[in-house]
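Me: I would be grateful for a close look at a single part of this model, followed by an account of how that part sits within the chain. Please keep the reasoning explicit.

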Amino acid sequence: MMHLMHGVSGIVRLLLLSSALVTVGCATATNITATVHDNPLQRVAQAAQEDWTVEQVDENTFHLRDVWPIHSFFALGYSASHVNLFYDTAAKELDLQYFFESYQLWLLFIPFSLDAEPGFVGVALKPIMNGQIEDILRWSGATLRSRRAVDRSQPFPQR
């Protein structure tokens, strides 16, 4: 019986250590700045509404969310893509913040997020994530100006 309790204790420690290692520094997002000719948010919302939940914050700000049901099921949790869109009327720019967020049982439902930039963590998900970004840029008619990984704690949009 002592052997069994020691084994369970070791598994719990391993889960906590894995959780700490995976979640530390995993609150990142991809920030994109693109040039557009007019406010594309209504076009993006119209195209996205079939697969995404669309929330209009104000005339120039939208939030999109796309739940990943298969990933959620296999991860024993909840996973979704999130996109924050902001249209700067003066600069004729579209700012886009994209991240994948997941709450998983094996991480004790501590949330973590991933950006869509190249890297080892989330490598199997990144082609799908980048496909979603490409769709949004296509719907908006935007021309990419800059793209980078950022810490989600940074203010968005950055001005």
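Reply: In this predicted model, Glu101 counts as buried because its relative accessibility is 13%, and the cut-off for a buried residue is under 20%. Glu101 belongs to strand β5, which spans residues 93-104. The side chain of Glu101 has a polar partner: a contact of 3.4 Å joins it to the side chain of Arg152. Arg152 also appears among the residues that Glu101 touches once those up to four places away in sequence are set aside. The others in that set are Tyr78, Ser79, Ala80 and His82, together with Pro111, Phe112 and Ser113. Strand β4 covers residues 77-88, and Tyr78, Ser79, Ala80 and His82 are contacts of Glu101. As background, the side chains of a regular strand alternate between the two faces of the sheet.

Strand β5 also takes part in covering a helix. The buried residues of α2 (residues 41-48) are covered by elements that include β2, β3, β4, β5 and α4, the last of these being residues 126-140. The residues of α2 in question are Leu41, Val44, Ala45 and Ala48. They lie on the same side of α2, because the arc they cover around the axis is only 100°. The general background is that an α-helix has 3.6 residues a turn, so residues three or four places apart point the same way. On the other side of α2, Gln42 and Gln46 are exposed.

Two of the elements covering α2, namely β2 and β3, are themselves paired. Strand β2 (residues 53-58) and strand β3 (residues 61-67) run antiparallel to each other, with five bridges between them. One of the bridge pairings matches Glu55 with His63 in β3. The two strands form a hairpin, and two residues lie between them.

These parts belong to a chain with four helices and seven strands. Read from the N terminus, the order of elements is α-β-α-β-β-α-β-β-β-α-β. The chain has 159 residues, of which 40% are buried, Glu101 being one of the buried residues. Of the contacts between residues at least 6 apart in sequence, 59% join residues at least 24 apart. The accessible surface of the chain is about 9,200 Å², and carbon and sulfur atoms account for 63% of that area.

Terms used
Residues numbered from 1 in each chain as written. Predicted model: local features only at pLDDT ≥ 70, side-chain atom pairs only at ≥ 80, totals over all residues. Heavy atoms only, no water. Pairing = 2+ DSSP bridges. Buried < 20%, exposed > 50% of the residue type's maximum accessible area, 1.4 Å probe, protein only. Polar contact = N/O pair within 3.5 Å; in protein donor to acceptor, adjacent residues only side chain to side chain. Contact = heavy atoms within 4.5 Å. Arc of directions from axis to C-beta. Areas by Shrake-Rupley, 256 points an atom, 1.4 Å probe, with all protein chains shown as cover.
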